[in-house]
Amino acid sequence: MSLVFHGPVRDAAHREDLALITALVRKHLGDRLRNVLGATYHVDADLQTEPLDEYALVVSFQCDPARIDALAAAAVGEIEALRAGEGVTDRTPAGTTAIAWATRIGDAVANGEDLEAIAACDAWTGTRTAEALTAVAAEALDASRRIVVLLDPSGR
């Protein structure tokens with residue numbers, strides 16, 4: 001099953017915030033669906049930002065088809081909790097290494113982004129507050145932005 005959230009990327013700072021939200025979704029859903037409920041084979045969350053001005057945050061997991069409805073409800077419940085700020089804390093972007101910076105700059109050049117704007121992006125260097133991340137999560141993970149994809153081998 002996949003839940004795909006989509007929408008516009010406003011700027012480099014917004015893209016970085018979306019990456020932090022994606023990491024939170026991956027951690028929280030992994031903890032809840034796999035570790036607490038013990039019901040999935042795999043849980044992942046991935047952020048795609050191509051084309052440059054759009055994002056797709058893809059949450060996916062595999063499970064026993066008989067449990068899909070319960071796990072889908074649990075996944076949506078966990079996402080709604082994140083949108084409300086539950087479990088969201090101040091975070092520092094993980095990619096502050098030289099390799100991460102080189103990758104960001106290379107991507108920016110390839111996509112024609114303004115390098116001065118990227119250098120000034122505090123989302124890359126500063127701590128993002130729980131309040132700011134909750135606001136991004138509330139918008140990015142809204143049900144109106146969600147598409148549900150279900151591959152069910154039982155054919156229902």
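**Exercise 1. Work out how far β1 is enclosed in this predicted model, and which strands flank it.**

Start with burial. Of the 7 residues in β1, 5 are buried, so the strand is largely enclosed by the rest of the structure.

Next, look for its pairing partners. β1 and β3 run antiparallel and are joined by 7 bridges. To find your way along that pairing, use Pro8, which sits opposite Glu54 in β3.

Then turn to β4. Here β1 pairs over 4 bridges, again in the antiparallel sense. A handy marker is Val4, with Ile147 of β4 standing opposite.

**Exercise 2. Put the strands of the sheet in order and say which ones sit at the edges.**

Take the remaining pairing before you assemble anything: β2 and β3 are antiparallel and share 8 bridges. Val43 stands opposite Phe61 of β3, if you want a spot to check.

Now line everything up. The 4 strands give an open sheet with the order β2-β3-β1-β4, and the pairing is antiparallel. That leaves β2 and β4 as edge strands, each pairing on one side only. Going from one strand to the next, the twist averages 15°.

For a closer look at one strand residue, pick Ser60 in β3. What does Ser60 touch, leaving aside neighbours within four places in sequence? Its contacts are Met1, Ser2, His42, Val43 and Asp44. With a relative accessible area of 17%, Ser60 falls under the 20% cut-off, so it counts as buried.

**Exercise 3. Place the sheet in the whole chain.**

Count the elements: the protein has 5 helices and 4 strands. Read along the sequence, they come in the pattern β-α-β-β-α-α-α-α-β.

Then check how the chain folds back on itself. Take contacts between residues at least 6 apart in sequence: 73% of them join residues at least 24 apart. As for burial, buried residues account for 42% of the 156 residues.

**Exercise 4. Describe helix α2 and find what covers its buried residues.**

First, its geometry. α2 spans residues 68-83, which is 16 residues, and runs 22 Å from first C-alpha to last. That is close to the 22 Å expected at 1.5 Å a residue. After the helix comes Gly85, with a positive phi near 100°.

Second, its buried residues. Among them are Ile68, Leu71, Ile79 and Leu82, along with Glu78 and Arg83.

Third, the cover. Elements over these buried residues include β1, α1, β2, β3 and α5. The helix lies across β1, β2, β3 and β4, at about 140° to β3.

**Exercise 5. Work out how α1 sits against the sheet and against α5.**

Begin with the sheet. α1 lies across β1, β2 and β3, and runs at about 175° to β2.

Move on to the helix pair. Two packed helices are described by the angle between their axes and the distance between the axes. For α1 and α5, the angle is about 85° and the axes are 10 Å apart. That makes α1 roughly perpendicular to α5.

Now name the residues that meet. From α1 come His14, Asp17, Leu18, Leu20 and Ile21. On the α5 side they meet Leu133, Val136, Ala137, Glu139 and Ala140.

Finish with Glu16, another residue of α1. Buried or exposed? Glu16 is buried, at a relative accessible area of 12%. Its C-alpha is 9.9 Å from that of Arg128, although the two residues are 112 apart along the chain.

**Exercise 6. Explain the surroundings of Arg145.**

Locate it: Arg145 is in the loop between α5 (130-140) and β4 (146-149).

Check its accessibility. Why does Arg145 count as buried? Because its relative accessibility is 19%, and buried means under 20%.

Then list the contacts, not counting residues up to four places away. Arg145 touches Val4, Phe5, His6, Gly7 and Pro8, plus Tyr55, Glu139 and Ala140. For Glu139 there is something specific to point at: the Arg145 side chain reaches its backbone oxygen at 3.0 Å.

How values were computed:
Residues are numbered from 1 along each chain as its sequence is written. This is a predicted model: local features need pLDDT of at least 70, side-chain atom pairs count only at pLDDT 80 or more; totals for chains, interfaces and linings use all residues. Side-chain values use heavy atoms; hydrogens and water are left out. Helices (H or I, at least four residues) and strands (E, at least two) are DSSP runs, numbered from the N terminus. Buried means under 20% relative accessible area, exposed over 50%, partly exposed in between (1.4 Å probe, protein chains only). A polar contact is a pair of N or O atoms within 3.5 Å; within protein, one must be able to donate a hydrogen and the other to accept it, and residues adjacent in sequence count only if both atoms are side-chain atoms. Contact means heavy atoms within 4.5 Å. The expected span of a helix is 1.5 Å times one less than its number of residues. Two strands pair if DSSP finds at least two bridges between them. Axes are lines fitted to C-alpha atoms, for helices over the stretch in contact, and angles run from 0 to 180 degrees between N-to-C directions. Angles under 35 degrees count as roughly parallel, over 145 as roughly antiparallel, 65 to 115 as roughly perpendicular and the rest as oblique.
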